[in-house]
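Biologist: I am new to this structure, and I would like to go through its side-chain contacts with you, one question at a time.

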Amino acid sequence: MPMFIKSHENKPSPHFVPSLDVKVKMPLDDFYYTVESPLRAPDLKVKGSRFIADIAPMETKENVEHCLTNIRKEFHDASHHSFAYRLGAEALLVRAADDGEPTGTAGKPILLVLTSRKLTNVLLVVTRFFGGTKLGTGGLARAYAEAAQQAVSMSKVVKVFLTKKVSLEVHYEDLPAMERLIHLFEGHIQESNYLSSVSLTLAVRESKLEPFLAAVMDTFHGRVRLDSVEGISTPH
C-alpha cells in the first residue's frame, strides 16, 4: 500500500490523496569512512624480511574471502598473510588474523591502524616473506604496523553517506520545485518514469530524511504521493 504525505488542504487532489505523517528515528551519524579503491603499498624491508601491504574497500565477508584467496595465490610462496578487516557502517563485524605469526604481533597492529583512522568496510592484508632473521615480537608488531600505516596513508579516504530510498509521484507542473527541494536536501534521483505523472526514486541521506519529508508536505500540500520509504512500514 502506498503511504501518503499528510495534507493541510481541505480539498486534496483526487489522485494524490494524503494520509499519515512520517516519523523517522534519526541516527547520530549517517556516514562512515573507507578507502576509495584498492592499493598496494611499496615493499617494506626489515632485516631481510619483506612486507607487502594491500588495502581494498569491502562490503561483505564473501568479498573479503575472494580478495584473500587472490592474494594468497599471487604470493603463494610467502611466509604469512596477516590481515584485519572491519565491515558495516558501524564496524560491527571485525576480525584480525596473525596467520602463524606470534599471537598479537600481526593482525592486531594492522587492525589498530584501521581503527585509529576510523575506517570500515575495508580489508588490509600484509604479506610477509621471511628473510632469515627473526625480528622478535616487538619488531614484528612495529613492522606490520608500519606496512599497514603506509598503505592507509597512500590511500584516498572517502566519506560514504548512509541513505534511504524514497519512491514518490509528482505532477509535471510540480517537478521543477521537487527537483529544487531534492537538491536542497542533498538527495539524488536514481530512477525516473514519465507517464501521466512523474515517478521518482530518490536516495536521501538518513539525517536529512525527516526534514525532507516535512518540506515535501509543507511545499506541495498533498499533491505529491509518497509510495514508499525504505525501512518504514506503510499503512495498510
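Modeller: A salt bridge here is a side-chain nitrogen of Lys or Arg within 4 Å of a carboxyl oxygen of Asp or Glu. This is a predicted model, in which local features need pLDDT of at least 70 and side-chain atom pairs count only at pLDDT 80 or more, while totals for chains, interfaces and linings use all residues. Residues are numbered from 1 along each chain as its sequence is written, and side-chain values use heavy atoms, with hydrogens and water left out.

Biologist: How many salt bridges does the structure hold?

Modeller: One of them joins D30 to R205, with the closest N and O atoms 3.0 Å apart. D30 lies in the segment before strand 1 (31–35) and R205 in strand 11 (residues 198–205), so the pair ties together parts that are 175 residues apart in sequence; strands are DSSP runs of E, at least two residues long, and helices are runs of H or I of at least four, both numbered from the N terminus. In total, the salt bridges number 11.

Biologist: Is D54, the partner of R40, buried or exposed?

Modeller: The closest N and O atoms of R40 and D54 are 2.7 Å apart, which makes a salt bridge. Buried means under 20% relative accessible area, exposed over 50%, and partly exposed in between, with a 1.4 Å probe and protein chains only. R40 is partly exposed at 37%, whereas D54, with a relative accessible area of 11%, is buried.

Biologist: Which residues are linked with D30 in a network of salt bridges?

Modeller: D30 and its partner R205 are both buried. The network joins D30 to E186, R205 and K208.

Biologist: What is the angle at which helix 2 and helix 3 pack?

Modeller: Two packed helices are described by the angle between their axes and the distance between the axes. The axes are lines fitted to C-alpha atoms over the stretch in contact, with angles running from 0 to 180 degrees between N-to-C directions. For helix 2 (residues 107–116) and helix 3 (residues 136–154), the axes are 8 Å apart and the angle is about 35 degrees.

Biologist: How many aromatic pairs does the rule give?

Modeller: Rings of Phe, Tyr and Trp (its six-membered ring) pair if their centres lie within 6.5 Å, and planes under 30 degrees apart count as stacked, over 60 as edge-to-face and the rest as tilted. By this rule, the count of aromatic pairs is seven.
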